[in-house]
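This report describes a single protein chain, moving from individual residues to the overall fold. The sequence and the model are shown first.

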Amino acid sequence: MYRLIYKSRSKTPADWGLVNSIIGSSQEGNSELDVSGVLLATKSYFLQVLEGSFEKVNELYYTIVKDPRHDRVQLISFTCAEERIFRSWTMHGIGVFNFNRELAERLRQTYGEEGGDVRLPTEEWQALALIADIRRSES
Ligand SMILES: Cc1cc2nc3c(=O)[nH]c(=O)nc-3n(C[C@H](O)[C@H](O)[C@H](O)COP(=O)(O)O)c2cc1C
């Protein structure tokens with residue numbers, strides 16, 4: 001199993017409309033490819049984790065990179081992993097722009113700030129720690 005993480009810049013300010021349209025078109029394709037993962041969106045940036053076979057994740061990544069809805073794609077990591085973290089999600093969208101003030105402030109203090117939102121990390125361990133923090137606060 002392989003896990004790929006990248007960060008990119010949204011060409012237009014991200015909102016639920018944009019995130020839901022990406023997630024909507026991802027779910028069918030990802031389930032066919034047996035890819036799971038999560039997509040975080042602040043107003044200006046995306047951070048996505050893709051999990052699956054080396055070939056499928058590699059192929060999907062190059063499709064996503066070409067998508068005109070984002071640019072400045074930065075590959076954070078593409079590594080072999082023992083097991084999936086996001087097994088139950090073909091693609092789960094998280095609107096960081098929608099967090100309550102208390103949670104947004106706590107995350108900004110831990111991960112830093114970028115354009116008024118929490119900074120989406122470009123280090124693998126920090127990216128996974130941020131997602132784990134968000135999942136804990138969601139449950
Ligand atoms: C930030 C972002 C994340 C995306 N994630 C996925 C994804 O996980 N799976 C997927 O099939 N498409 C994803 N897409 C959409 C693809 O780029 C592409 O539009 C979609 O696969 C349809 O491609 P096609 O028109 O060549 O069939 C994403 C797009 C963006 C902008």
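Which residues does Glu138 touch, not counting residues up to four places away in sequence? In this predicted model, Glu138 touches His92 and Ile94 once those sequence neighbours are set aside. Glu138 belongs to helix 4, and with a relative accessibility of 44% this residue counts as partly exposed. Measured against the start of the chain, the C-alpha atom of Glu138 lies 26 Å from that of Tyr2, a pair separated by 136 residues in sequence.

**Overall fold**

The protein contains four helices and seven strands, and along the sequence these elements follow the pattern β-α-β-β-α-β-β-α-β-β-α. Its radius of gyration is 14 Å, close to the 14 Å that the globule rule gives for 139 residues, so the protein is as compact as a globular protein of that length. Along the principal axes, the C-alpha trace spans about 40 × 30 × 25 Å.

Of the 139 residues, 45% are buried, while the accessible surface amounts to about 7,400 Å², with carbon and sulfur atoms accounting for 48% of that area. When contacts between residues at least 6 apart in sequence are considered, 77% of them join residues at least 24 apart. The charged side chains number 17 positive and 20 negative, and the centres of these two sets lie 4 Å apart.

**Nonpolar cores**

The largest nonpolar core is made up of 21 residues, and the members with the most contacts inside it are Val38, Leu40, Leu47, Phe99, Leu107 and Ile134. At least two residues of this core come from each of strand 2 (36–41), strand 3 (45–52), helix 3 (101–111) and helix 4 (124–138). A second core, separate from the largest one, has 18 residues, among them Tyr6, Ile22, Ala41 and Ile64.

Phe99 gives a local view of the largest core: apart from neighbours within four places in sequence, Phe99 is in contact with Ile94, Ala104, Leu107 and Ile134. Two of the residues named there, Leu107 and Ile134, are also listed with Phe99 among those with the most contacts inside that core. Ile94, for its part, is a residue that Glu138 touches as well.

**Two residues of helix 1**

Where does Ile23 lie, and is this residue buried or exposed? Ile23 is placed in helix 1 and is buried, its relative accessible area being 9%. Beyond the residues up to four places away in sequence, Ile23 touches Leu39, Met91, His92 and Gly93. Ile23 and Met91 are 68 residues apart in sequence, yet their C-alpha atoms are 6.3 Å apart in space.

Asn30 is likewise located in helix 1 and is buried, with a relative accessible area of 4%. Leaving aside neighbours within four places in sequence, the contacts of Asn30 are Val35, Leu60, Thr90 and Met91, and Met91 is also touched by Ile23. The C-alpha atoms of Asn30 and Ala127, in contrast, are separated by 21 Å, with their positions 97 residues apart along the chain.

**A glycine after helix 3**

Gly112 sits in the loop between helix 3 and strand 6 (113–114), and at 25% relative accessibility it counts as partly exposed. Outside the range of four places in sequence, Gly112 is in contact with Leu107, Asp117, Val118 and Arg119. A separation of 23 Å lies between the C-alpha atoms of Gly112 and Val19, which are 93 residues apart along the chain.

**Positive phi angles**

Two residues that are not glycines carry a positive phi: Asp34, at about 60°, and Arg72, at about 45°. Asp34 is found in the loop between helix 1 (16–33) and strand 2, whereas Arg72 lies within strand 4 (residues 70–80).

The table gathers the accessibility of residues discussed above.

| Residue | Relative accessibility | Class |
|---|---|---|
| Asp34 | 48% | partly exposed |
| Arg72 | 58% | exposed |
| Glu138 | 44% | partly exposed |
| Ile23 | 9% | buried |
| Asn30 | 4% | buried |
| Gly112 | 25% | partly exposed |

How values were computed:
Residues numbered from 1 in each chain as written. Predicted model: local features only at pLDDT ≥ 70, side-chain atom pairs only at ≥ 80, totals over all residues. Heavy atoms only, no water. Core = buried A, V, L, I, M, F, W, Y, C linked by side-chain atoms within 4.5 Å. Buried < 20%, exposed > 50% of the residue type's maximum accessible area, 1.4 Å probe, protein only. Contact = heavy atoms within 4.5 Å. Rg over C-alpha atoms; globule rule 2.2 N^0.38 Å. Areas by Shrake-Rupley, 256 points an atom, 1.4 Å probe, with all protein chains shown as cover. Lys, Arg positive; Asp, Glu negative; His and termini not counted. Charge placed at Lys NZ, Arg CZ, Asp CG, Glu CD.
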